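Q: Could you teach me how to read the inside of a protein model, step by step?

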Amino acid sequence: MATTEPGAAGWRESYEASPEREGELFSTISGVENEPLYSPENVELDYDRDLGWPGTYPFTRGVYPSMYRGRLWTMRQFAGFGTAEETNERFRYLIAHGNTGLSTAFDMPTLMGYDSDHPRSLGEVGREGVAIDSLADMETLFDGIPLGDVSTSMTINAPAAMLLAFYACVGELQGVPLARLRGTVQTDILKEYIAQKEWIFPPGPSMRLVVDMIEWCAREMPLMHPVSISGYHIREAGSTAAQELAFTLADGFAYVEACLERGLDVDEFAPRLSFFFNAHLDFFEEIAKYRAARRIWATQLRDKYGAKNPRSWLMRFHTQTAGVSLTAQQPEVNLIRTAIEALAAVLGGTQSLHTNSFDEALALPTEHAVRLALRTQQVIAHETGVVNTIDPLGGSYYLEHLTSELERQAYEYFDRIEHLGGVVAAIEENFQQREIADAAYRYQSEVEKGQRVVVGVNRYQLDEEQPLEILRIDPALEQKQVERVQAVRARRDSALVQATLAELEQAAAGDTNLMEPILACSRAYVTMGEMCDALRETWGTWRETPVF
Amino acid sequence: MAGKIRVVVAKPGLDGHDRGAKIIARALRDAGMEVIYTGLHQTPEQIVETAIQEDADAVGISILSGAHMTLVPRILELLRENGAEDVVVLVGGTIPEDDADELRRQGVAGVFGPGAPTSEIVDFLKGAVTA
């Protein structure tokens, strides 16, 4: 329809005169309302204050001055299944195909601090990741991979200190100095209580372990990121983008505060804190989330926590595409979802990226599926041209509006969490857990009402799905791993095991840094489960009150 | 049948992925059922004990850890040992199709994969419990 009024009013009149599509929502996937159009009229920006320049405060446009023109993001595919032998093979396969960083997925018993022959491990060994019981497994995992030349990420939280110690010991055995070992240990126990739910100890001693690791790494392993503060799992549990942003940053501030309480200087440890976000399907909302995250972190670190070193202000993060967005129906379509999500992560300025494989709603990925996932990143990096200009969407009225809106929602959550007495108190009241469950249920209801379309699930279904070739974990691997850990126990020096374990227990009851006693245990081939048991004895375990 | 359907929603094993379990628990409650959610990291023994104590008509097991072929048969066996084989067992999660067939053969009433609408699960359960 032609308009008679000039400018915004005229457009608005014409817009309202034309019918909108009915039945589907126009809000973001997280439920943030969208206007049909953004213009200078609804976006207020002070360029230097709100955006700034890449590599300078507040880092909204990126943490490095040259971003991907200097160096591409690290293509870091997460892998792990079976025993250390199978995963070592997968690592070598990924390196051969252009993966530039390693990332280890551990199985459920390892995540929960049980050895493979523990009764609770039955049926779970090597299923969702690799089983690591002792230094002997870690030696196999990195066999033929020189630790001085790779950076390794380890997705491990409650027993993170033990796995970090195993990694350090493999470095020692390979003759690589600790100061040259690079990588990231996830160690983010707060998001375990909130979302991923693989915990062992109560929050108090868990936080102490985290601070022990941060303190020890700052001194001994300066190239290691001792914590990767993770929104990924919060989002996978069904949160909105704003909740992912807010709960993750609140967790980050809680670690900063715990380190300050220990007496550490903020500029000693903050530069090594790193983050891990989800890349979901709502394209602009995701890009806005990363930009808002950088701005909030820089502002709080500088203004609230008094960090002076600009490296303390900048938020570096890893991104993984959303597992929760993958469908079991018409699984090849997941390739397209993942490509779009990965593009959002790149346009949001990620430092490293994992792209999910298209078969992961069904099982762990096959080699073929993993290669396609990696190729997706390579196409974005080398064929699309999006790497040529830094923060190319910066200045988009819509994106800047969303960035500020997510930032506003995050600060609102910070206030609510503070009002509840902080992150741990809020967790104990199930606050974050409830907020996430509400969001997950709202989204599911919208899908079931057809207000959100999921291609192949509630629209465009096929009558007959083609069966897909999936990865099968050989059940015999569990027995093989059980025999491996029992063989380790049989051949080690048991007097040394008893002595180092006793020292660990004694240290745990006091307040000295636990990394050295854990390293001593590791060198004596004390298993991860035995160390965790010693700490369970001293500290007890965590149980949540189930809510839904 | 008289009274509300009583369902135990359970997370066996070490798997912490509880988004699905919580959504199902709410959907069943909203559909008028009495829902008992066990919380995480339950052993088969704990789940069966809860089912019996709560006099449950059905147990919904949510599992995404790949350990379903170990944990679910154990739950079925314990239900039988305790004379509770009439409890309807549903399984939801990432269950490959041939595993799903095997679980049905062993006595699981229904297996629901990713993307299954909660309304379908509600209807299935109503049918299975009344039958």
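The dialogue below takes up cores, cysteines and salt bridges in turn.

A: Before we begin, note that this is a predicted model, in which local features need pLDDT of at least 70 and side-chain atom pairs count only at pLDDT 80 or more, while totals for chains, interfaces and linings use all residues. Residues are numbered from 1 along each chain as its sequence is written, chains are lettered from A and ligands numbered from 1 in the order in which they are written, and side-chain values use heavy atoms, with hydrogens and water left out.

Q: What is a nonpolar core, and which residues have the most contacts inside the largest one?
A: A nonpolar core is a set of buried Ala, Val, Leu, Ile, Met, Phe, Trp, Tyr and Cys residues joined through side-chain atoms within 4.5 Å, where buried means under 20% relative accessible area, exposed over 50%, and partly exposed in between (1.4 Å probe, protein chains only). Here the largest core has 168 residues, and Met138(A), Leu163(A) and Leu249(A) have the most contacts inside it. Its largest share, 13 residues, comes from helix α11 (residues 241-262) of chain A; helices are DSSP runs (H or I, at least four residues), as are strands (E, at least two), numbered from the N terminus. A second, separate core of 26 residues includes Val48(B) and Ile61(B).

Q: Why is Cys259(A) not bonded to the closest cysteine sulfur?
A: A disulfide is a pair of cysteine sulfur atoms within 2.5 Å. The sulfur of Cys259(A) lies 11 Å from that of Cys217(A), the closest cysteine sulfur, and this is too far for a bond. Cys521(A) is likewise in no disulfide, the nearest cysteine sulfur, in Cys169(A), being 10 Å away. Over all chains, the structure holds 0 disulfides.

Q: How many salt bridges are there over all chains?
A: A salt bridge is a side-chain nitrogen of Lys or Arg within 4 Å of a carboxyl oxygen of Asp or Glu, and by this rule the count is 48 over all chains. In one of them, Arg459(A) and Glu24(A) meet at 3.6 Å, N to O, and this pair links parts of the chain 435 residues apart.

Q: Is Glu286(A), which pairs with Arg235(A), buried or exposed?
A: Glu286(A) is buried, with a relative accessible area of 0%, and Arg235(A) is buried at 2%; the closest N and O atoms of this salt bridge are 3.0 Å apart. By contrast, Arg459(A) is partly exposed at 34%, and Glu24(A) is partly exposed at 31%.
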